[in-house]
Amino acid sequence: MTKTAKIAWSIATLGVLVATASISFAIYCAISFQRGTELWNEGVAAASRGDFDTAISKYDAALRTRLGDSSAGIVYSNRGLAYNSKKLLDSAVSDFTKALRLHPGLVEAYIGRSFAYIRQGQIDKALGDTDAAIQLNPNSRDAYQNRAIVFLWKKEFDRAISDLSEAIRCDPANADLYARRGNAFAAKGDYDAAMASCESAIRLAPKSVEAYLGRAAVWEQQNRWYEAINDYDTAYQLAPDAGKAKVASILQAARARADAFPKTQRRLESYASEKRAFDLLNQGIKAQSQRKYDEAIRLYSEALAAGPGLHNRAVILSNRGTAFAFLKQREKSTRDYDEAIRLNPVFVEAYYNRGINHRELKQFDKAIADFSETIRLNPRYARAYLHRGSIYLRQRKFEQANKDYNAVVAEIDQLEPEIRHSLLNDIAWLRATFPQQSLRDGKQALSEATQACELTEWKNGAYLDTLAAAYAEAGDFENAVKFQAHAIELSAASTDQQAGIRKRLELYRKKKPYRE
């Protein structure tokens with residue numbers, strides 16, 4: 001072999017070795033990245049179950065692999081969150097800073113570091129991080145929430161309330177946010193708004209410990225000790241076993257403050273009046289639940305005469321208005337709702353109940369206005385969507401009606417379990433059989449009718465009748481015939497209704513849908 005050939009051969013061999021080494025390194029990197037991802041996921045799983053020591057250990061191991069800068073940045077941020085949970089704040093700040101160096105613009109790292117700064121008392125640094133997070137993501141609930149905490153530290157209550165309202169916009173079903181906004185209103189001294197926000201929290205999550213603690217704190221700041229202790233006690237009853245000791249400590253301290261509160265004769269009289277009004281209110285609610293409406297009205301009237309505060313006065317008036325409504329005394333009912341709303345302009349139930357009253361009086365525009373205000377105040381109020389949709393349907397505003405019925409189905413879990421199946425069936429029937437094509441939707445009707453049948457274990461003949469109509473609207477006449485025959489077997493309908501069910505069966509056999 002000539003010298004030139006030997007040199008060429010050596011170069012070729014070296015190229016093969018380099019290529020082989022490159023391939024081996026690439027394989028190593030790929031395997032290392034895969035292992036790093038597995039460790040990262042194991043860390044996330046450990047953190048989600050509260051095992052932060054294991055999570056940190058897994059994140060440590062993941063960071064020793066070749067994840068790449070962007071992924072490593074996220075792992076540092078996750079480890080920072082674990083350090084935050086263990087109150088190792090210096091370590092948390094260090095990790096979030098590394099995360100942002102490797103992964104600039106990582107919103108979660110700004111949020112996590114801002115929380116650590118808050119707990120360290122470095123408020124201006126926390127403000128800078130929350131501002132950066134919001135600039136990167138204007139829909140970040142946690143960024144607005146953390147910035148609200150900063151503003152509360154600074155006693156800038158209006159800005160804190162504004163940010164908590166933005167956090168609620170980002171997550172309108174989060175009851176804790178309403179409770180925190182209630183406390184911010186209370187710190188500002190706006191007790192009516194504070195109470196309204198806390199009650200929104202309780203409506204969204206009737207078993208939320210934080211919601212009741214929030215409302216208790218609002219009562220306490222007004223020296224309304226009877227109501228405060230009642231809410232603290234409710235929070236204790238609702239607390240999980242692991243959290244009872246903490247809530248018990250809060251309750252015990254609140255009772256001590258109540259006992260130590262200087263009770264002048266005037267304050268004693270006010271306390272006694274509130275307690276009597278509160279007791280009479282509960283007696284009225286019990287009578288009303290037993291359909292003893294005249295007795296309920298008498299008790300509510302006595303409660304009003306006892307001299308309750310503005311909040312309880314609005315509640316009592318609204319309840320008495322409902323009792324009058326049950327007795328068809330619409331003018332008296334409306335007057336009570338009007339006064340309740342005047343006293344508490346964000347009283348959701350009063351708007352809703354007055355809307356029902358207007359609907360029964362055929363004052364449909366007024367009813368729509370009240371249901372719309374109910375929905376504005378509580379976007380998850382399914383009953384308000386239902387009644388407003390029914391009015392829109394009556395007015396042949398089919399597009400608006402359809403949107404409201406969609407909202408009812410989306411918020412069906414906000415309704416009592418015993419009525420969900422009936423409402424799903426009614427909406428499915430409408431979508432399957434309504435003469436106006438713009439309101440019909442076979443696919444949605446099938447989904448809603450199926451849910452209604454599942455909730456009643458496929459034992460309700462009327463619901464199977466609806467399901468068959470939905471299949472027919474969707475063009476599946478084989479299943480329409482099948483379920484209509486089953487509906488006939490189960491139906492306990494009258495003779496006339498049975499005739500209608502059989503008539504629909506014949507339509508489906510002819511491959512024709514049913515129209516109302």
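This report walks through the fold, the cores, the aromatic contacts and a handful of individual residues in a predicted model.

## Overall build

Let's start with the big picture. The protein has 26 helices and zero strands. Its radius of gyration is 31 Å, well over the 24 Å that the globule rule gives for 516 residues, so the protein is more spread out than a compact globule. Put a box around the C-alpha atoms, along the principal axes, and you get roughly 115 × 85 × 40 Å.

Buried residues come to 48% of the 516 in the protein. As for the surface, about 26200 Å² is accessible, and carbon and sulfur atoms own 52% of that. If you take the contacts with a separation of 6 or more, 51% of them are between residues 24 or more positions apart.

## Two nonpolar cores

The largest nonpolar core holds 76 residues, and Val-75 and Tyr-232 have the most contacts inside it. Skip the residues up to four places away in sequence, and Tyr-232 still touches Leu-213, Ala-216, Ala-217 and Glu-220, along with Val-247, Ile-250, Leu-251, Ala-254 and Arg-257. There is also a second, separate core, this one with 74 residues, including Tyr-300, Phe-364, Val-408 and Ala-487.

## Aromatic contacts

Searching the whole structure turns up seven aromatic pairs. One of them is Phe-398 with Phe-434, an edge-to-face pair with 5.5 Å from centre to centre and 65° between the planes. Phe-398 belongs to helix 21 (residues 398–410), while Phe-434 sits in the loop between helix 22 (417–433) and helix 23 (442–455), so this pair ties together parts that are 36 residues apart in sequence. Both of these phenylalanines, Phe-398 and Phe-434, are buried.

Two other ring arrangements deserve a look on screen. Tyr-352, Phe-371 and Tyr-381 form one aromatic cluster. Then there's Arg-504, which lies over the face of Tyr-514, at 4.8 Å from the ring centre.

## Buried residues in helices

Leu-446 is found in helix 23. With a relative accessible area of 18%, Leu-446 is under the 20% cut-off and so counts as buried. Leave out its neighbours within four places in sequence, and Leu-446 is in contact with Leu-467, Ala-470, Tyr-471 and Ala-474. Tyr-508 is 62 residues away from Leu-446 in sequence, and the two are 16 Å apart in space, C-alpha to C-alpha.

Now for a charged residue: is Asp-370 buried or exposed? Asp-370 is buried, at 4% relative accessibility. Asp-370 lies in helix 19 (residues 364–377). With neighbours within four places in sequence set aside, its contacts are Tyr-351, Arg-354, Gly-355 and His-358.

## Buried residues in loops

Loops have buried residues too, and Asn-344 is one of them, with a relative accessible area of 8%. Asn-344 lies in the loop between helix 17 and helix 18. Apart from neighbours within four places in sequence, Asn-344 is in contact with Ala-196 and Ala-314. Gln-400 is 56 residues from Asn-344 along the chain, and their C-alpha atoms are separated by 29 Å.

Phe-261 has its place in the loop between helix 13 (244–260) and helix 14 (265–289). At 17% relative accessibility, Phe-261 counts as buried. From Phe-261 to Asn-402 is 141 residues in sequence and 55 Å in space, C-alpha to C-alpha.

## Two lysines with positive phi

Most residues other than glycine have a negative phi. Which way does Lys-328 go, positive or negative? Its phi is positive, near 65°. Lys-328 sits in the loop between helix 16 (310–326) and helix 17 (330–343), and at 59% relative accessibility Lys-328 counts as exposed.

Lys-362 also has a positive phi, near 65°. You'll find Lys-362 in the loop between helix 18 (348–360) and helix 19. Its relative accessibility is 57%, over the 50% cut-off, so Lys-362 counts as exposed.

Technical notes
Residues numbered from 1 in each chain as written. Predicted model: local features only at pLDDT ≥ 70, side-chain atom pairs only at ≥ 80, totals over all residues. Heavy atoms only, no water. Core = buried A, V, L, I, M, F, W, Y, C linked by side-chain atoms within 4.5 Å. Buried < 20%, exposed > 50% of the residue type's maximum accessible area, 1.4 Å probe, protein only. Contact = heavy atoms within 4.5 Å. Phe/Tyr/Trp six-rings, centres within 6.5 Å; stacked < 30°, edge-to-face > 60°. Helix = DSSP H or I, 4+ residues; strand = E, 2+ residues; numbered from the N terminus. Lys NZ or Arg CZ within 6 Å of the ring centre and 35° of its normal. Rg over C-alpha atoms; globule rule 2.2 N^0.38 Å. Areas by Shrake-Rupley, 256 points an atom, 1.4 Å probe, with all protein chains shown as cover.
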